[in-house]
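Student: I have a structure in front of me and would like to learn how to read its features one at a time. Could you guide me through it?

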Amino acid sequence: MNIQRIEHIGIAVANLEEAIRYYEDILNLSCYAIEEVPDQKVRTAFFMVGETKIELLESTDPEGPIGKFLEKKGEGIHHLAFAVDNVESALTEAGSKGIRLIDQQPRKGAEGLKIGFLHPKSTIGVLTEFCSK
Ligand code: ZN
């Protein structure tokens, strides 16, 4: 696989509006998009930091992945996303090397990206996402 850069860092937050205020008022970043991703039961807010984004994730359902994460671990870094040429082949390659996949096939993420996740049990504790346009 060919990893191009860190596309974004996903951060689980309890309250999106409060978190946005911190990133805007204290860090002086500006939120350029808020998007709900019903598929993942989240509302997301995006900030650009150089070539990398910060993606804030607020749960819309306690049974969703972020809802469960917040309950277990509380707020904080949730996942690391790498931009790759081709999500499908990156997933296949990781799977063929014995990495446990959460997604066998790419699915649709925020901003219309194709995304796929690797299981943190196989990735030294970091939930890892591949994404491409
Ligand atoms: Zn992500």
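Tutor: Let us begin with a loop: lysine 41 is placed in the loop between S2 and S3. Please keep in mind throughout that this is a predicted model.

Student: What is the phi of lysine 41, and is the residue buried, partly exposed or exposed?

Tutor: Lysine 41 has a positive phi of about 55°, although the residue is not a glycine. As for the surface, partly exposed covers the range between under 20% and over 50% relative accessible area, so lysine 41, at 32% relative accessibility, counts as partly exposed.

Student: How do the strands on either side of that loop pair, and over how many bridges?

Tutor: Two strands are taken as paired if at least two bridges are found between them. Here strand S2, residues 31-37, and strand S3, residues 42-49, pair in the antiparallel sense over six bridges, and the two form a hairpin with four residues between them, lysine 41 being in the turn. Within this pairing, glutamate 36 stands opposite arginine 43 in S3.

Student: Which strand does S3 join through eight bridges?

Tutor: Those eight bridges join S3 to strand S4, residues 52-59, and the two run antiparallel. Arginine 43, which we met opposite glutamate 36, also stands opposite glutamate 58 in S4. The hairpin of S3 and S4 has two residues between the strands, and glycine 50 takes a positive phi near 60° there.

Student: Where is isoleucine 124, and why is it called exposed?

Tutor: Isoleucine 124 sits in the loop between strand S7 (114-118) and strand S8 (128-132), and its phi is near 55°, a positive value in a residue other than glycine. The word exposed is used for over 50% relative accessible area, and isoleucine 124 is exposed because its relative accessible area is 82%.

Student: How should I read patches on the surface, and which residues form the positive one?

Tutor: A patch takes in residues with over 30% relative accessible area and no salt bridge. The positive surface patch is formed by Lys68, Lys72, Lys73, Arg100 and Lys121. Among them, lysine 68 lies in helix H2, residues 65-73, and it counts as partly exposed because its relative accessibility is 45%.

Student: Which residues form the nonpolar patch?

Tutor: That patch is formed by Tyr22, Ile26 and Leu27, which together have about 290 Å² of accessible area. Tyrosine 22 is found in helix H1, residues 16-26, and, at 38% relative accessibility, tyrosine 22 counts as partly exposed.

How values were computed. Residues are numbered from 1 along each chain as its sequence is written. This is a predicted model: local features need pLDDT of at least 70, side-chain atom pairs count only at pLDDT 80 or more; totals for chains, interfaces and linings use all residues. Side-chain values use heavy atoms; hydrogens and water are left out. Patches are made of residues with over 30% relative accessible area and no salt bridge: like charges are joined within 9 Å, nonpolar side chains (Val, Leu, Ile, Met, Phe, Trp, Tyr) within 5 Å. Accessible areas come from the Shrake-Rupley method with a 1.4 Å probe; for residues, only the protein chains shown count as cover. A salt bridge is a side-chain nitrogen of Lys or Arg within 4 Å of a carboxyl oxygen of Asp or Glu. Lys and Arg count as positive and Asp and Glu as negative; His and the chain ends are not counted. The place of a charge is taken as NZ of Lys, CZ of Arg, CG of Asp or CD of Glu. Buried means under 20% relative accessible area, exposed over 50%, partly exposed in between (1.4 Å probe, protein chains only).
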